[in-house]
Amino acid sequence: MPLDAPPQLMDLPLNSDASEAARRDGDIVELMAAGATEAAFERLAARYSPKVYRLCLAMLRDPGRAEEAAQDSLLRAWRALAGYRSAAGALSTWLYAITRNRCLTLIERSGPTMVSLADEAVQAEADGIAAPDEPRSSDGRTLLSQLVEALPNAQRLAVTLYYYEERAVAEVAAMLGLPEATVKTHLHRGRQALRARLAEQGLADPALWL
Amino acid sequence: MNPTRADDVFDPRPDPALDDALIRALPPPALPAGFHVRLQAAMAAEAAHDLACQRRQLEEEHARRMAALERGYVRLKRDTLATVLAVAFTAGAVVQWGVPWLHATLGVDLSELVPLLALAVGVVVGAGVWVDRFGLPRVLRR
């Protein structure tokens, strides 16, 4: 199946909060059932555009590409909305699946990124990696963001989206298409890794983080 | 990975200080300015593109059907002309050679009968074509 094909029933995660998500989007589903697809999509876009954009940004790490992917995902949802069946899962889960597939396609198409050490920013990054005992930034907030960026991808996505989504594990699980327990595991491990990395940088004292 | 075990060790706020720091370090990014305007524009462009595609497909289909109709019409005219010519020449040949031969052989003068016979055949065939196209005349319908 192509990565950017509309999600099928089997692609949708069985989430314990699926019914809650379905209830939340009940008004949109009702509009669709009444044949008001355009109004339904307007409401869907107003409600989920920020979340879709944040998911894209977390996955792609580039605001420009994230906006492009978010727009494209919403357009695909618009095209496929008439074919959506609520029995297949919550509307938000369906939309997140479209978004994830779109981002994965973009990641796959872009391939491995080649960087040159001639680039000053890359050189600075390389110097930081070569000297891990020295904090790379005097700004604790920036340093923490950099450490989050350096986490393994699954942990980075879980941690980033958890804080983007006001610490709602169920929402992060729906966005990533993972069981909540798995998201919690990634969060737990990500935080442990951050703690350890901060300690390595000589920043075990929380007062230095902010 | 064992989710159940992980669930047991998970504490939503295991480290309030780290949690607070991450809340400040990872604020939710806002949608880019004009996001919804660009989305609406993309939807409108797509709708216009769909309409243009539909129109192009319909025009192509129309042109295909017209070409097929034209080909059928030309073939019909050609066949009809060939039939008329064949019948006319056959009739001419029959009158030229068949009638004198019958008159000489059988002593029958068909110079009056053959045109009447041709007229009858013509009327029957013409009436058949007419009925085939337009149906029986109202007076003959039940």
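What percentage of the contacts in chain A with a separation of 6 or more is accounted for by residues 24 or more positions apart? The share is 65%. The exercises below concern a predicted model.

**Exercise 1. Describe the secondary structure and burial of chains A and B.**

Solution.
- Step 1. Chain A contains 10 helices and zero strands, and its pattern along the sequence is α-α-α-α-α-α-α-α-α-α.
- Step 2. Chain B contains four helices and zero strands, in the pattern α-α-α-α.
- Step 3. Of the 210 residues in chain A, 39% are buried. Of the 142 residues in chain B, 3% are buried.

**Exercise 2. Determine how the buried residues of helix α2 in chain B are arranged around its axis.**

Solution.
- Step 1. Helix α2(B) spans residues 16–25, and B:Ala21, B:Leu22 and B:Ala25 are buried in it.
- Step 2. When the helix is viewed down its axis, these buried residues fall within an arc of 100 degrees, and they therefore line one face of α2(B).
- Step 3. The general background is that an α-helix has 3.6 residues a turn, so residues three or four places apart point the same way.

**Exercise 3. Characterise the side of chain B that touches chain A.**

Solution.
- Step 1. The contact draws 28 residues from chain B and 31 residues from chain A.
- Step 2. On the side of chain B, the elements giving two or more residues are α1 (3–9), α2 and α3 (35–106).
- Step 3. By class, the residues on this side of chain B comprise 21 nonpolar, two polar and five charged.

**Exercise 4. Examine the backbone on either side of helix α9 in chain A, and assess the burial of the helix itself.**

Solution.
- Step 1. As general background, most residues other than glycine have a negative phi.
- Step 2. A:Glu166 is not a glycine, yet it has a positive phi of about 55 degrees. A:Glu166 is placed in the loop between α8 (153–164) and α9 of chain A. A:Glu166 is classed as exposed because 9 other C-beta atoms lie within 10 Å, and the cut-off for this class is 12 or fewer.
- Step 3. A:Arg167, also a residue other than glycine, has a positive phi near 60 degrees. A:Arg167 lies in the loop between α8 and α9 of chain A. With 15 C-beta neighbours inside 10 Å, A:Arg167 is partly exposed.
- Step 4. Helix α9(A), residues 169–176, is mostly covered, with six of its eight residues buried. These are A:Glu171, A:Val172, A:Ala173, A:Ala174, A:Met175 and A:Leu176.
- Step 5. Just after α9(A), A:Gly177 adopts a positive phi of about 70 degrees.

**Exercise 5. Establish how α8 and α9 of chain A pack against each other.**

Solution.
- Step 1. The axes of α8(A) and α9(A) are 9 Å apart, and the helices pack at an angle of about 130 degrees.
- Step 2. The two helices α8(A) and α9(A) are therefore oblique to each other.
- Step 3. The crossing of α8(A) past α9(A) is right-handed.
- Step 4. From α8(A), the contact involves A:Leu157, A:Ala158, A:Leu161 and A:Tyr162; from α9(A), it involves A:Val169, A:Val172, A:Met175 and A:Leu176.
- Step 5. By class, the contact of α8(A) with α9(A) has eight nonpolar, no polar and no charged residues.

**Exercise 6. Carry out the corresponding analysis for α9 and α10 of chain A.**

Solution.
- Step 1. Helix α10(A) covers residues 180–200; its axis and that of α9(A) come within 9 Å and cross at roughly 105 degrees.
- Step 2. The helices α9(A) and α10(A) are therefore roughly perpendicular to each other.
- Step 3. On α9(A), the residues involved are A:Val169, A:Ala170, A:Val172, A:Ala173 and A:Leu176, which meet A:Glu180, A:Val183 and A:Lys184 of α10(A).
- Step 4. The contact of α9(A) with α10(A) has six nonpolar, no polar and two charged residues.

**Exercise 7. Locate A:Phe41 and describe its surroundings.**

Solution.
- Step 1. A:Phe41 belongs to helix α3 (residues 37–60) of chain A.
- Step 2. A:Phe41 is classed as buried because 20 other C-beta atoms lie within 10 Å, the cut-off being 20 or more.
- Step 3. Leaving aside its neighbours within four places in sequence, A:Phe41 is in contact with A:Trp78 and A:Leu81.
- Step 4. A:Phe41 and A:Leu74 are 33 residues apart in sequence, and their C-alpha to C-alpha separation in space is 9.0 Å.

Terms used
Residues numbered from 1 in each chain as written. Chains lettered and ligands numbered in written order. Predicted model: local features only at pLDDT ≥ 70, side-chain atom pairs only at ≥ 80, totals over all residues. Contact = placed C-beta atoms within 7 Å. Arc of directions from axis to C-beta. Nonpolar A, V, L, I, M, F, W, Y, C, P; charged D, E, K, R; others polar. Axes fitted to C-alpha atoms, helices over the stretch in contact; angles between N-to-C directions. Parallel < 35°, antiparallel > 145°, perpendicular 65-115°, else oblique. Left-handed = near helix turned anticlockwise from the far one by under 90°.
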